[in-house]
Amino acid sequence: MDLLLLEKSLLGLFIAIVLAITISKFRGKRFKLPPGPIPVPVFGNWLQVGDDLNHRNLTDLAKKYGEIFLLRMGQRNLVVVSSPDLSKEVLHTQGVEFGSRTRNVVFDIFTGKGQDMVFTVYGEHWRKMRRIMTVPFFTNKVVQQYRGGWEDEAGRVVEDVRKKPEAATTGIVLRRRLQLMMYNNMYRIMFDRRFESEEDPLFVKLKALNGERSRLAQSFEYNYGDFIPILRPFLRGYLKICKEVKERRLQLFKDYFVDERKKLSSTKRMDNNSLKCAMDHILDAQQKGEINEDNVLYIVENINVAGNFLACPSLSTIFYLSVRKMRDSVKYVFADILCPSTFRYLPFGVGRRSCPGIILALPILSITIGRLVQNFELSPPPGQSKLDTAEKGGQFSLHILKHSTIVMKPRSF
């Protein structure tokens, strides 16, 4: 009986392989698909190219297959473009067709299957969410309103660093203090609140949950179940953890921030002129029936993720460089992977789905870098000629692998 079952399984696998090869060749001829590595049945190119599709790996593939090529990652087809002209065609000319972002099984959990703004399908819901979020977050008026707060937070960073004698000798991990600064910048805008220190219990809890969410979403551990749906049952344990983290985060957002803001708003009558923070505008949209409570929580989720990414892991890498050195180092990093005449750096993307946070990020970065360079001489720690800029890949971003220690000697004026 067992032998018969084995024979049937092997026969079924053989038929599936033959069908996969036949369909693959037929589709390639019919649809004139871009060139790319030859896929193998079931796995496609996944075993050949691996999980980490960072800019260096993709550049090597572009050198071999051209400025547009196809990768088959299990049952997912990924088309990679690597020239400014093609990028413009995809992001601008054909912006509507390519306006939606592909979600995976984990991001479906963390975004409620697209109830947020960042990963929702391009369409009416996205336009509504973008409109609701633009006024309280992404306008010049917001920049002018909160610029003083950003200056204050940057000044507090300078004061805290000056209080640490080891900063001028052995150095400190500046990123941790910058993370508190960025949370305060975002939470001032969102809830008119801030955290007093890195030891604030609520801040510690919030940072831990956001960090766990980021780790789970960025991990390559779940690729096999995402690329090959038949293997998805083996992801049950991982997805269960993701659901638990999501529920705990949303509950924390609701209990400590959204509901608290609702209570404060209910004590006084609000009109458009008295809306004080972003959450007031968002709750106003909820009261008008434009969005529901889940949408409100997923907006908070998006802003927490954005603030976490904006915590500037790269700041600790570039602070000690002069403008010239920084420019030269950028040339050095990209010299062996991109032609200078065609290289375009688009950290916030372009087109319909470009990141609206650029209007906040650039002034915050300018203020922070300016304050630190003005007040400190920044250098690598003793015994090191440069900082460790080794990279760590993720599903949607590239990180500095280690939190760098920086020596920060106060300048004398």
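A residue counts as buried when its relative accessible area is under 20%. Keep that cut-off in mind as you look around this predicted model. Below are a serine in a loop, a small group of paired strands with helices lying across them, and one helix with a buried side.

**A buried serine**
- Ser83 sits in the loop that links β2 (76-81) and α4 (84-93).
- Because its relative accessibility is 11%, Ser83 counts as buried.
- Its side chain comes to 3.2 Å from the backbone nitrogen of Leu86.

**The three-stranded sheet**
- Strands of a sheet pair through backbone hydrogen bonds, in either a parallel or an antiparallel way.
- Here, three strands form an open sheet in the order β3-β7-β4, and their pairing is antiparallel.
- β3 (172-173) and β4 (376-379) are the edge strands, each with a single partner, so one side of each has no neighbour in the sheet.
- β4 and β7 (residues 405-410) run antiparallel and are joined by four bridges.
- To find one of these pairings, look at Ser379, whose bridge partner in β7 is Val407.

**Helices across the sheet**
- Helix α7 (residues 140-162) lies across β3, β4 and β7, at about 75 degrees to β4.
- Helix α16 (residues 358-375) lies across β4 and β7, and runs at about 95 degrees to β4.

**Helix α6 and its buried side**
- Helix α6 (residues 124-137) has 14 residues and spans 20 Å from first C-alpha to last, close to the expected 20 Å.
- Its buried residues include Trp126, Met129, Ile132, Met133, Pro136 and Phe137.
- These residues cover an arc of only 135 degrees around the axis, so they lie on the same side of α6.

How values were computed. Residues are numbered from 1 along each chain as its sequence is written. This is a predicted model: local features need pLDDT of at least 70, side-chain atom pairs count only at pLDDT 80 or more; totals for chains, interfaces and linings use all residues. Side-chain values use heavy atoms; hydrogens and water are left out. Two strands pair if DSSP finds at least two bridges between them. Helices (H or I, at least four residues) and strands (E, at least two) are DSSP runs, numbered from the N terminus. Contact means heavy atoms within 4.5 Å. Axes are lines fitted to C-alpha atoms, for helices over the stretch in contact, and angles run from 0 to 180 degrees between N-to-C directions. The expected span of a helix is 1.5 Å times one less than its number of residues. Buried means under 20% relative accessible area, exposed over 50%, partly exposed in between (1.4 Å probe, protein chains only). The arc is that of the directions from the helix axis to the C-beta atoms. A polar contact is a pair of N or O atoms within 3.5 Å; within protein, one must be able to donate a hydrogen and the other to accept it, and residues adjacent in sequence count only if both atoms are side-chain atoms.
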